[in-house]
Amino acid sequence: MKYLKGTQWMEPYVASASRLVPLHRVVNFKAFRVPLNKTIQTDGSCQPLDEKRKRMTISIRLWTSNDKRTRHAPIPLVEALDSLAHELAHIKQWEHTPKHTRLQARIMKRFSEVAQNLGVKDMYMRNYNV
Ligand SMILES: [Zn+2]
């Protein structure tokens, strides 16, 4: 499991979900931004690397996509974590079922505990490296 550029801060959050989802299936975590001239709103993705979805890549959008289309800014921590929880839940629940939503919520609960332990005071901060 590799944390590619800009995603290293996710490590303690991801680790907290180890009992909820089979993390060994994730090959790497990536951060991406949507080009300023594009209006696509994708918050993240969980891309299978094989047909049986045994290995996957999780990508999370960490920057605003249309900040007046002049610049990118990091999105608030709570939004990045919500996307991460959503994509992690897909490892176990592939479809957008109520079960997927429930798992996402359980992962978010863990994330909130990690944030508290890390001393995060403001979940809307845009600097993830506390
Ligand atoms: Zn989804």
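Guide: Helices (H or I, at least four residues) and strands (E, at least two) are DSSP runs, numbered from the N terminus. H86 belongs to helix 2. The model is predicted: local features need pLDDT of at least 70, side-chain atom pairs count only at pLDDT 80 or more, and totals for chains, interfaces and linings use all residues. Residues are numbered from 1 along each chain as its sequence is written.

Visitor: Why is H86 called buried?
Guide: A residue is buried if 20 or more other C-beta atoms, placed from the backbone, lie within 10 Å of its own, exposed if 12 or fewer, and partly exposed in between. H86 has 22 other C-beta atoms within 10 Å, so H86 is buried.

Visitor: Which residues does H86 touch, not counting residues up to four places away in sequence?
Guide: Two residues are in contact if their C-beta atoms, placed from the backbone, lie within 7 Å. On that test H86 touches G44 and Q104. As for R110, which is 24 residues from H86 in sequence, the two C-alpha atoms are 13 Å apart in space.

Visitor: How do you know that helix 2 is largely enclosed by the rest of the structure?
Guide: 13 of its 16 residues are buried, so helix 2 counts as largely enclosed.

Visitor: What span should helix 2 have at 1.5 Å a residue?
Guide: The expected span is 1.5 Å times one less than the number of residues. For the 16 residues of helix 2 this gives 22 Å, and the end C-alpha atoms are 24 Å apart, which agrees.

Visitor: Why are helix 2 and helix 3 called oblique to each other?
Guide: Helix 2 (residues 77-92) and helix 3 (residues 98-118) pack at about 130°, with axes 8 Å apart. Axes are lines fitted to C-alpha atoms, for helices over the stretch in contact, and angles run from 0 to 180 degrees between N-to-C directions. Angles under 35 degrees count as roughly parallel, over 145 as roughly antiparallel, 65 to 115 as roughly perpendicular and the rest as oblique. The two helices are therefore oblique.

Visitor: Which residues make the contact?
Guide: Helix 2 supplies L81, D82, A85, H86, L88, A89 and K92, and helix 3 supplies H100, L103, Q104, I107, M108 and F111.

Visitor: Why is Y3 called partly exposed?
Guide: Y3 has 16 C-beta neighbours inside 10 Å, so it counts as partly exposed. Y3 lies in strand 1 (residues 2-3). Leaving aside neighbours within four places in sequence, Y3 is in contact with Q8, M10, E11 and F29.

Visitor: What makes Q41 exposed?
Guide: Q41 has 9 other C-beta atoms within 10 Å, so Q41 is exposed. Q41 sits in the loop between strand 2 (26-32) and strand 3. The C-alpha atoms of Q41 and S65 are 7.3 Å apart in space, with their positions 24 residues apart in sequence.

Visitor: How do you know that M56 is partly exposed?
Guide: M56, in strand 4, has 19 other C-beta atoms within 10 Å, so M56 is partly exposed. Beyond four places in sequence, M56 touches residues including R25, V26, C46 and I91. M56 and I91 are 35 residues apart along the chain, and their C-alpha atoms are separated by 8.1 Å.

Visitor: Where is R53, and how is its exposure class reached?
Guide: R53 is in the loop between strand 3 (44-48) and strand 4 (56-61). With 14 other C-beta atoms within 10 Å, R53 is partly exposed. Its phi is near 55°, a positive value in a residue other than glycine.
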